[in-house]
Number of protein chains: 2
Amino acid sequence: MVVADDLFKALADPTRRIILDELTEKSGQTLFEICSRLSMKHQLGISRQAISQHLATLEAAGLVETRREGRYKFHDLNTAPLRHIVQRWLTPDPSEPEESTS
Amino acid sequence: MVVADDLFKALADPTRRIILDELTEKSGQTLFEICSRLSMKHQLGISRQAISQHLATLEAAGLVETRREGRYKFHDLNTAPLRHIVQRWLTPDPSEPEESTS
DNA sequence: ACAATAGGCAAGCCTTCACTTGCCTATCAA
DNA sequence: TTGATAGGCAAGTGAAGGCTTGCCTATTGT
């Protein structure tokens with residue numbers, strides 16, 4: 001799957017990892033909710049659009065799913081892509097070809 | 001630990017992930033050995049220096065350890081940093097503070 | 001000694017990426 | 001309807017990252 005690349009790239013940014021932390025603590029937050037959390041708890045002087053772009057990146061990686069309700073858009077965490085992403089190097093068993101994984 | 005940032009950044013590049021694949025298949029390879037593998041098996045038209053820089057990045061992340069023997073420098077895989085790097089979001093248990101993890 | 005092999009250092013190029021700024025749309029409350 | 005709230009789009013900027021090129025050091029074999 002080509003998704004692995006998006007996934008690792010999404011995890012490469014520290015701000016996005018903090019967003020995942022916040023969504024882990026409380027899933028289903030809106031953009032503004034995440035904004036104020038990053039500002040309050042983490043002292044991140046970052047614009048709303050920047051966070052919106054981070055959320056888009058996380059969504060493209062499959063780590064965040066969204067649902068619209070009226071003017072609110074809730075962001076839910078999906079940890080499924082994370083589960084086996086690293087076992088690629090943890091199993092010293094070369095049973096199946098590892099091509100097309102990047 | 002500040003290492004988490006280096007670790008995720010090291011995993012962000014597809015070429016570096018392929019290098020990890022090759023070291024998983026056969027640990028203790030030299031730079032030239034890795035070069036020819038990437039060229040042969042993966043059709044990567046990439047210079048020796050580029051791969052050397054990738055290996056330096058992987059070493060900074062703790063994923064690769066090196067040992068010098070004469071004019072050879074062997075690269076060994078260390079998967080220890082990978083083991084728990086993702087559990088940060090897999091455990092819905094907020095028992096301990098997650099600051100300073102990025 | 002000399003050449004070949006294995007690797008390192010540093011400057012430069014070019015692309016990607018994070019972030020900002022400015023403006024626009026949609027929903028809801030008064 | 002008007003204003004406030006929640007969010008989106010797109011262009012621009014500046015810094016980081018991947019890669020190359022050129023040259024240099026160290027070790028080994030003949």
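This note reviews the predicted model in numbered points, covering the relation of the two protein chains, their contact and the surroundings of DNA strand C.

1. Relation of the chains. Chain B is superposed on chain A by a rotation of 180 degrees, with 0.0 Å of shift along the axis and an RMSD of 0.0 Å. That is the relation of a two-fold axis. Within chain B, A12(B) has the C-alpha nearest the axis, at 3.0 Å from it.

2. Contact between the chains. Chain A and chain B contribute 23 residues each to the contact. On the side of chain B that touches chain A, at least two residues come from each of α1 (3–11), α2 (14–25), α5 (80–83) and α6 (87–90). The largest share of that side belongs to α2(B), with 7 residues.

3. Character of the contact. The side of chain B that touches chain A comprises 13 nonpolar, 3 polar and 7 charged residues. Because 100% of the interface residues of chain B are also interface residues in chain A, the copies meet through the same surface.

4. Residues around DNA strand C. There are 22 residues around this strand, and those that come nearest are S47(A), A50(A) and G70(A) of chain A with T30(B) and L31(B) of chain B. Two or more residues are given to this surface by α4 (48–60) of chain A and, in chain B, by α3 (31–42), α4 (48–60) and β2 (72–77).

5. Make-up of the DNA-facing residues. Which element gives the most to the surface near DNA strand C? It is α4(A), with 5 residues. By class, the residues of this surface divide into 11 polar, 6 nonpolar and 5 charged.

Methods:
Residues numbered from 1 in each chain as written. Chains lettered and ligands numbered in written order. Predicted model: local features only at pLDDT ≥ 70, side-chain atom pairs only at ≥ 80, totals over all residues. Near = placed C-beta within 6 Å. Helix = DSSP H or I, 4+ residues; strand = E, 2+ residues; numbered from the N terminus. Nonpolar A, V, L, I, M, F, W, Y, C, P; charged D, E, K, R; others polar. Least-squares fit on C-alpha atoms with pLDDT ≥ 70 in both. Contact = placed C-beta atoms within 7 Å.
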